[in-house]
Amino acid sequence: MQSNSQHDHKTTPFWWEAAPVKPLPPKSLPTKIDVAIVGAGYAGLSAALQLVRAGRSVICLDKMNPGEGASSRNGGITSGNIRLDHATLVRRFGENRALAIEAEGKKAREFLYSFIESEGLACDFKRVGRFSGAVGKQDYEGLARTAEKLEKKLGIEAFAVPQAEQRNYLGTDFYRGGSVRMDIGGLHPAKFHAEILRVALEAGVQVHSGAAVRKVDRLNDGFNVLTDAGQVLARQVLVCTNGYTDASDPWLRRRMVPVRSRIIATEELSPNLMATLMPRLMMCSETRNLGFYYRPSPDGKRILLGGRDGSTSGDPIEPTLHLKRNLDELFPELQNVSVTHSWFGHVAMHRDMIPRIFERDGIVYATGFCGSGVVWAPWIGAQAAKKLLDAQMQARSAFDFRPPAAVPFYSGKPWFMPGVMAWYRHLDRKLMRRAGR
Ligand SMILES: Cc1cc2nc3c(=O)[nH]c(=O)nc-3n(C[C@H](O)[C@H](O)[C@H](O)COP(=O)(O)OP(=O)(O)OC[C@H]3O[C@@H](n4cnc5c(N)ncnc54)[C@H](O)[C@@H]3O)c2cc1C
């Protein structure tokens, strides 16, 4: 296939070829339950598993097929990013909480890796490391400083890669050097979700697909949860709807802004070409604000590249071509290579820009992963489960505090996104100019 066939791709995730999302056999809802969880992505299922193993009866309700949200669509990179730098965290949340948030990032990643191992989750996970590319000298120096800090403060294996050594890690001359973190790796996101679902079902979690929650009413001793599949009385409710939050919870909707992220997958490449472009089969990211994340497929035969998709219509052509142009800029060898899949999903952005556990009117929320939920969602889900099990608990997660603030003049239609995208494009142009490019 040649590059003029870029329009022929599938619009479903590449990941669904090996692990399709599907409905669960229909069952009637129980009349009463200890905990009702809204959303059966990584966060909801992780919480459900902890709760059921602690002896609670648990129902997990999803309006789509379980996993059909971001949890089977993502890049599978175990980045666990905190989008805010240390100084901003201190300014917003104080020194102690800032330090606790940063330290919990390491715990969350370790939790994920031991969860995969101890449960035997077959999800192609490999801790291959992540290369971050710098577009200019200043960024390179910033990446090098961060790598040094990670080594010294948290004992994470991280190092700078000068431009002269870059091709040992990535077959491109686009960057002016970069850095590597060896604590990050890649997994097959849809297999990972399918495996958590398997373990949760085996443990006794009742999972329902096609069960949109329409309303949660507070009662004296619990909640009445009204869904498309019937209603259930629950002692506790946990909401894990992230980028797929809908009008059934207008309060949360004003706080979570769904932003499209899109990924393209190439056709299979020759082993020689893969060895030139991705000699270490590492995960990749870069320093631009609207930068790209990319990786080899788990079998090492294709390249998958993702980035923000500012479009609002369903037409995938322009955003797909945009990603392909940028892939070709990184790797000119791919100009005549076809895209076989292009798909998008929603990440949840909010004003605090860090994952969050919070409570309102007795309902607990574990959500707001800002595009980095492969590490955060299983961890935050598990921490939220602990909170439900022990409301008085002393050692709370550093992410358990006030709800994020509402976004002004927003109630579900992100009218401001074109402006936000234009602003980031402007910042990236400035960054490139400063880098003399
Ligand atoms: C294209 C893309 C690439 C990404 N790449 C990465 C990456 O490489 N690394 C990384 O760390 N993160 C990445 N992410 C982010 C990551 O996928 C998410 O943060 C994570 O999957 C969130 O999990 P979740 O369980 O909170 O939400 P989701 O998996 O989105 O699940 C939410 C669920 O809630 C359900 N729901 C919503 N409303 C209702 C309702 N009223 N009733 C019933 N059910 C409801 C939805 O149907 C959905 O299934 C990416 C995301 C996307 C979209």
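Gly155 follows directly after helix α4 and takes a positive phi of about 65 degrees. The model is predicted, and the values here are computed from it.

Helix α4 covers residues 137–154. Its buried residues are Asp139, Tyr140, Leu143 and Ala147. Viewed down the helix axis, these buried residues fall within an arc of 105 degrees, so they line one face of α4. An α-helix has 3.6 residues a turn, so residues three or four places apart point the same way. The cover over the buried residues of α4 includes the strands β3 (130–133), β4 (158–161) and β5 (178–181). On the face turned away from the buried side, α4 carries the exposed residues Arg145 and Lys152.

Helix α9 (373–389) has 15 of its 17 residues buried, so the rest of the structure largely encloses it. The end-to-end C-alpha distances of the two helices are set out below.

| Helix | Residues in helix | Expected span at 1.5 Å a residue | Distance between end C-alpha atoms |
|---|---|---|---|
| α4 | 18 residues | 26 Å | 25 Å |
| α9 | 17 residues | 24 Å | 23 Å |

For α4 the distance agrees with the expected span, and for α9 it is close to the expected value.

Helix α9 also contributes to the ligand shell: α1 (42–53), β10 (257–266), β14 (339–349) and α9 each supply at least two residues. There are 47 residues around the ligand, and those that come nearest are Gly41, Gly69, Gly75, Gly345 and Gly373. By class, the shell consists of 20 nonpolar, 22 polar and five charged residues.

Key:
Residues are numbered from 1 along each chain as its sequence is written. This is a predicted model: local features need pLDDT of at least 70, side-chain atom pairs count only at pLDDT 80 or more; totals for chains, interfaces and linings use all residues. Helices (H or I, at least four residues) and strands (E, at least two) are DSSP runs, numbered from the N terminus. The expected span of a helix is 1.5 Å times one less than its number of residues. A residue is buried if 20 or more other C-beta atoms lie within 10 Å of its own, exposed if 12 or fewer, and partly exposed in between; C-beta atoms are placed from the backbone. The arc is that of the directions from the helix axis to the C-beta atoms. Two residues are in contact if their C-beta atoms, placed from the backbone, lie within 7 Å. A residue is near a molecule or strand if its C-beta atom, placed from the backbone, lies within 6 Å of it. Ala, Val, Leu, Ile, Met, Phe, Trp, Tyr, Cys and Pro count as nonpolar, Asp, Glu, Lys and Arg as charged, and the others, Gly among them, as polar.
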